[in-house]
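Q: Please take a close look at one part of this model, and explain each term as it comes up. Short sentences would help.

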Amino acid sequence: CGVFGIFNHAEAANLAYLGLHALQHRGQESAGVVSNDRGTLHAVRHMGHVADVFTQSRLEHLPGRLAVGHVRYTTAGGSLPKNIQPLTVEYRSGAVAIGHNGNLVNAESLREELESEGSIFYTNSDTEVVLQLMARSQERDWVDNLFAALGRLRGAYSIVMTSGERLVAARDPHGFRPLILGKIRGEHSHSRYGKTAWVVASETCAFDLIDAEVVRDVEPGEILVIDGDGLRSSRLKPQPRRFCVFEHVYFARPDSVLDQTAVYEARVHMGRALARECPADADVVIPVPDSGVVAALGFAKEADLPFEMGLIRNHYVGRTFIEPKESIRHFGVKLKLNALPNLLAGKRVVVVDDSIVRGTTSRKIVKMIRQAGAKEVHVRISSPPVSSPCYYGIDTPTRSELIASTYSIDETSRFIEADSLGYLSPEGLLDAVRLAQPERPKRPVLADEEDPGFDADYCSACFTGRYPVPMGSVPRRQLRL
Ligand code: SF4
Ligand code: MG
């Protein structure tokens, strides 16, 4: 999912809407903006893409200088209208709205506990647990209630909230999912709230669109409270950093800078490292668009081979992987990609993608490239094999559906009918990420003791199977209510 928040801007809802456009790749099932006009909340939330959800007239119904927004794809709870975020509830101190990216690993047990004590849940999203915990807290101020609630959560959350005349941004102590603080200067920000308009978003590409400047990452475990008195920062109990390395591999947009890492640069380095680790005798390098493009560029540069767009993507059919329905996913590949015989016929082709999940896409792509006349097809993947599901907010399928959980690289290569298959090593992946961190204060790289190939600062559980936060209970994908 993607989250956005803005404080103290005359065009708050419009900018939230624009910000969500830039975050659309993080979730395509539903979108919502809740504006806050001096403590009164107004909501527009619907299933569908940002461009379809918000019309001019709907945006006009979102007054106020504060807004929070959310784009959703389901990792816990069903893909249902009632789960659309930001969730809003009437709270004893006024209405409150929350948008959440990530997945709580103890949501089920907290929910059972709350239900046994009499709580009634409206949604089946793990996010509602946060609101229910807040309502139980005895502190007077809602932000203190939030502190109490966050102390009970385990797992991944990057949260934006608004209530009263405040915007709050919070990130779990491991910092699994990104969350960035920015600001906008200018006339529009002069108000009783001060001169600065503050923004928070999942990715910096949302700031670029609205001319906001990046201030810094919201730190893991940090809770930022933004109101007329300015910006205050508090911390939850520190935990080891565990930023999701898959954000760098696949999920984030390449024009974003997250975790003080330029995602584009990181992907070029991944491609270069892949070319060094798994070279191929070939005539041309092509990407699987869009997710493989930047790594393929890096591969072609390092291997000194021509780079061509041998597969053309239809941009009007969304990211089919993320659509929850199996039927659409299968159909999706041809709908999405077409191979160019002029570029591929008679060639030995290297095709670069960011990851293999089920293997079904890769299999179809290899077939498509052969049908276009390629002599050989060498598949290169700019991350290690995905062998374990994610419990922290990326919608990987269950373990049994992950091809790398059951098959070796050779078996996978045969399954996808490639002439060869090569993956980037864990070491190569983390080195590539570090090479793209010019601003990060140099500090010793802490190797993960059990798995020295990985950096202890990162979560890489989907590649290693070692989870930094143990699963309390696997989220019920779909509750029947
Ligand atoms: Fe990211 Fe993988 Fe960890 Fe999930 S398991 S947070 S996708 S690195
Ligand atoms: Mg892809």
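A: What follows is a walk through one sheet, the helices on it and a site beside it.

This is a predicted model, where local features need pLDDT of at least 70, side-chain atom pairs count only at pLDDT 80 or more, and totals for chains, interfaces and linings use all residues. Residues are numbered from 1 along each chain as its sequence is written, while chains are lettered from A and ligands numbered from 1 in the order in which they are written.

Start with the sheet. Four strands form an open sheet, in the order S17-S20-S21-S22, and their pairing is parallel. Strands (E, at least two residues) and helices (H or I, at least four) are DSSP runs, numbered from the N terminus. Two strands pair if DSSP finds at least two bridges between them. Strands of a sheet pair through backbone hydrogen bonds, either parallel or antiparallel.

Which strands sit at the edges? They are S17 (284-287) and S22 (420-423), each of which pairs on one side only. From one strand to the next, the twist averages 20°. Such angles run from 0 to 180 degrees between N-to-C directions, and the axes are lines fitted to C-alpha atoms, for helices over the stretch in contact.

Now look at one pairing. Strand S21 covers residues 376-381. Four bridges join S21 to S22, and the two run parallel. Within this pairing, valine 379 stands opposite leucine 421 in S22.

Next, pick out a residue in strand S20. Valine 350 is found there. Is valine 350 buried or exposed? It is buried, because 31 other C-beta atoms lie within 10 Å. The cut-offs are these: 20 or more other C-beta atoms within 10 Å of a residue's own means buried, 12 or fewer means exposed, and in between is partly exposed; the C-beta atoms are placed from the backbone. The C-alpha atoms of valine 350 and valine 284 are separated by 6.2 Å, yet the two residues are 66 residues apart along the chain. Leaving out residues up to four places away in sequence, valine 350 touches Ala280, Ala282, Val285, Phe299, His378 and Arg380. Touching means contact: the C-beta atoms of the two residues, placed from the backbone, lie within 7 Å.

Helices lie on this sheet too. Helix H10 (residues 293-303) lies across S17, S20 (348-353) and S21. H10 runs at about 165° to S17. Helix H13 (residues 360-371) lies across S20 and S21, at about 150° to S21.

Stay with H10 for a moment. Eight of its 11 residues are buried, so H10 is largely enclosed by the rest of the structure. The buried ones are Val293, Val294, Ala295, Ala296, Gly298, Phe299, Ala300 and Ala303. What covers them? The cover includes helix H9 (263-277), S17, S20 and S21. Phe299 appears again here, as one of the contacts of valine 350. Just after H10, aspartate 304 takes a positive phi of about 55°.

Last comes the site. UniProt, in an unreviewed entry, places the feature "binding site" at Ser291, Asp353 and Asp354. UniProt positions are given in the numbering used here, feature names are shortened, and annotations may be inferred rather than shown by experiment. These residues are spread over 64 residues of sequence, but they cluster in space: the largest C-alpha distance is 6.6 Å.

Where does serine 291 sit? It is in the loop between S17 and H10. Serine 291 is buried, because 22 other C-beta atoms lie within 10 Å. Not counting residues up to four places away in sequence, serine 291 touches Tyr250, Asp353 and Asp354.

Aspartate 353 lies in strand S20. Aspartate 353 counts as buried, because it has 22 C-beta neighbours inside 10 Å. Again not counting residues up to four places away in sequence, aspartate 353 touches Val288, Ser291, Gly292, Ser362 and Ile381.

Put the pieces together. The sheet order is S17-S20-S21-S22. H10 lies across S17, S20 and S21, and H13 lies across S20 and S21. Serine 291 is in the loop between S17 and H10, and it touches aspartate 353, which lies in S20.
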